[in-house]
Amino acid sequence: MRSMKTDTTPKKLFSLLLSLFLPCLLWGQSIDNSYFNKIRNEKVISDTSIVWKNFGPGMSGYCEEFWCHPTDTNVMFMGPDMHVTFGTWDGGQSWQTVKDSDGLGYDLERTHDIQFSKNNPDFGVAIEREGGVYTSEDRGRSWKQVADIDKAHTKLAIHPKDDKTWYIGAGDFWNVKNNHRSLKNLNGIQHKRANYGYILKTTNAGKSFKRIATGIADDLDIGRIIIHPSQPNLIWIATNHGVFKSKNEGKSWKACAEGLPNNLPRDMVSYFDEKNEKFSLYLVEQTYYKEEGKSVTAKGGVFRSDDLGESWNDITGNLYFDLSQIHFTAEHDRFYRTMGYWFGISKKEAKGKFTQLPQKTLSVFNRIVVNPLDPNEIHVAFNKKHDFTFGPGDLWSTRDGGKTWKVTARQGKYWLENKDTAYWKQRNNDTGSNIKFAHLQYYMDLEPARSGNRMLAVNAKGELFIGIDQQTLKSTDHGYSWIQIDDDETAAGSQKWIGRGGSNLPGRFMLLETGIPERRLLCSGEHGLWETASIGNWKDPQAVAVQQLEGQVNHFGMHSVSTVAVHPKDPNIIYILGWRQSHRGKLRRSNDGGKTWENIATIFDVDSPLHKKLAAQNALIIDPENPQNMYFCATYQMISEVSGGRGPKLTKGQYGFYRSQDGGYTWEVSNNGMDHKGASIRRIIMDPENPTTLYAAVNDNNGGLFKSTDKGSQWKKMRIPSEIKAVNNVFIDRNTKHIYISAGRRTGEYNEGGLWKSENKGKTWKKIFKASFVWQAETSPVNPDLIVISVAGQAGDQKGKFKNPGVYLSQNGGKTWNKINKGLGQPNKIVDVKPDPYNENVLWCASWGCGWFITYLNNDEKGWLTQ
């Protein structure tokens, strides 16, 4: 092999040195990669001395599932729809994430089932939507993934005498938004996210699985798996093809449908009395509608088996109701909607065809529980918003084994107005509302009871839990009264709420400097605008109370607020923008601190239903010297929105930089100088020394950093390191004037992401933090050496490349970093993070799907207003 020699002539040597050091001369000194290589390839444990507290508000999104520990009534779990899972070990007084705060953020995103051993109350098994199987050895406080079974599965069961044996059902049975039954699809609808046709059985705690029950149907969808507590060879399953029973631990199966009118179970549960070995099964059927003249008949109801499923007895009793006696237009409309879907026609056609309301009909029930202390107390629920069903109330109950049924969860206009009292008196059924909500109360009282009940659970004491609209509700009196358990009110009637830690709210932009030192303004998806409030004499001085300024507390308020700004000369004037739901695409203003609101501009529109997104709006800012000048950006590449991806085609407005010169009444787009078509501007910022100078972070695949010196009339691309493909955020420290840019893409390479800093207004740059996908970085207004970063998780197929998403903190100007994730339910989705503007020991962050968090760096027991 020929040896290689280096040309050492002066000219060649100079060229070699120049090629090696020119990048450093241009962009600043390179950082030591040893630490960052470690965080890329290994999991760096969070600094556990810093703990984030989720301050709410509480459940502000839908809770998909709720589980009660079979023996310990202090232990419960909830599975909200915003990719979080919470547990409580004090009976619901407080909730904590059960996800690995120090992990990738993908664990237990949408939990489908949690079950605990009857032998060892500390041992539990959980399954989630992506196919992960997890176990816990500490009563659900922490979970470890033990298997990946590929795609969604429905429910699981643990062998009552052998904790290493589990059964997991295939399918997507409980997909309440998309798996509906109809005359055409009596067995439900299949979805790509799930596998079908079997039950998985493991006898070695998840090391390996065997498929059983494969001969029933290729599209078998498992709704429940029930094992006899003392005879575990007996197993029952409720499926989309009926009820089946095995007498040999799953080796063979036979149908057991004698007495069932449809054999289309929607749910099945069991009761077991250990003293006398009494065992019963309870089942709620899919309601089957049939044409009868100008009306319809209904066949279904509730059934009970006391002979191990060999036969079923009808205990539907008077669960049937007379719709013609219910004088409520909204309920009639839901009836026609249901009939339309069931018969495969439009709602309008159903209304023209079935001109007589049925005098004996049933709702489409989909949940059932039995009190473990009383086999005669049974409850059935239905979901009017997400399923195709109708009927009064949200829960029906019986305490005499099914002879008589009553509506036991009542809310909304129909019940508040005490309609049809003669009919309900005849049924011995109370009227009036019996549910106490938190901040949703005003909104729910105006609603026509259309919000739906997604879940139903009962604990070992017989206490009940349901989820109406976006609140978790508890009853300790057999369903006769209900109260929300998500938030605590600082004082009765104050409307100031302290969350218990189980928030499912889409957190958004936080404005911490509002002209009022003790006020922070917090944007949210689906639940409007909030402000921090006094906690009064609350027991925990570190708690944060909030009250809603806009949203459900106002009639037809703006529900999804993307960004907020305060008039620099009058803190009572507040501006907000919304990207979906009511008032989407509007600029909304309050002149009285949030008491009343008006729309002063319509900027966007899109051809889609109101609940769908339009342009995401970010970074609403106002010129402090001339408040008539206002700016924001409409982002096309939405990397951190609830529904991400590219923005929809707009029928009014366009994407890019917006400015107003008349206080927000009229707006114009000014993308002049953006060097490529379709530039996606994610953030803009104003120069702290000169409000006519603006910077824009462009986050598409050809992104970069842009600067304007004339209020956005013309933009010029700044020179930044060539490896950067997308800039997600730009920030300028007001004290040092240093510029920070956060870079990276969801599917990008590791080296293109990170945090870059310029100390000379963008002439040279220095990389001070490496990560694949950095969303944001900000410094403390009090201490510029304190920097916080939000590092997002990447796309699912690349999630193993970078193992350390979350919040990072430096207290020495970026020389060293600590990951501070303890307590965060979504470390991979922190959409906003900021140091407090007055107290350098306090940090705030907003999570994609579990509200807002606060942490105290010095563990100050006096609370966040300490200065």
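Biologist: Two strands pair if DSSP finds at least two bridges between them; a strand is a DSSP run (E, at least two residues), numbered from the N terminus. Which residue in β28 stands opposite Ala 457?

Modeller: This is a predicted model, where local features need pLDDT of at least 70, side-chain atom pairs need 80 or more, and totals for chains, interfaces and linings use all residues. Residues are numbered from 1 along each chain as its sequence is written, and side-chain values use heavy atoms, without hydrogens and water. β27 and β28 (residues 464-468) run antiparallel, joined by four bridges. Opposite Ala 457 stands Phe 465.

Biologist: How many residues of β27 are buried (under 20% relative accessible area, 1.4 Å probe, protein chains only)?

Modeller: β27 covers residues 453-458. The strand is mostly covered, with a buried count of six of six.

Biologist: Which residue takes a positive phi in the hairpin of β27 and β28?

Modeller: Five residues lie between these strands. Phi is positive, near 85°, at Gly 462.

Biologist: What about the hairpin of β18 and β19: which turn residue has a positive phi?

Modeller: β18 (residues 265-273) and β19 (residues 278-292) pair antiparallel over eight bridges. In that pairing, Val 269 stands opposite Tyr 282. Four residues separate the strands, and the positive phi, about 60°, belongs to Glu 277.

Biologist: Which strands stand at the edges of the open sheet β22-β23-β24-β25?

Modeller: The four strands pair antiparallel in that order. β22 meets β23 (residues 378-381) through four bridges, with Ile 368 opposite Val 380. Each edge strand has a single partner, so one side lacks a neighbour in the sheet. The edges are β22 (367-370) and β25 (406-409).

Methods
Buried < 20%, exposed > 50% of the residue type's maximum accessible area, 1.4 Å probe, protein only.
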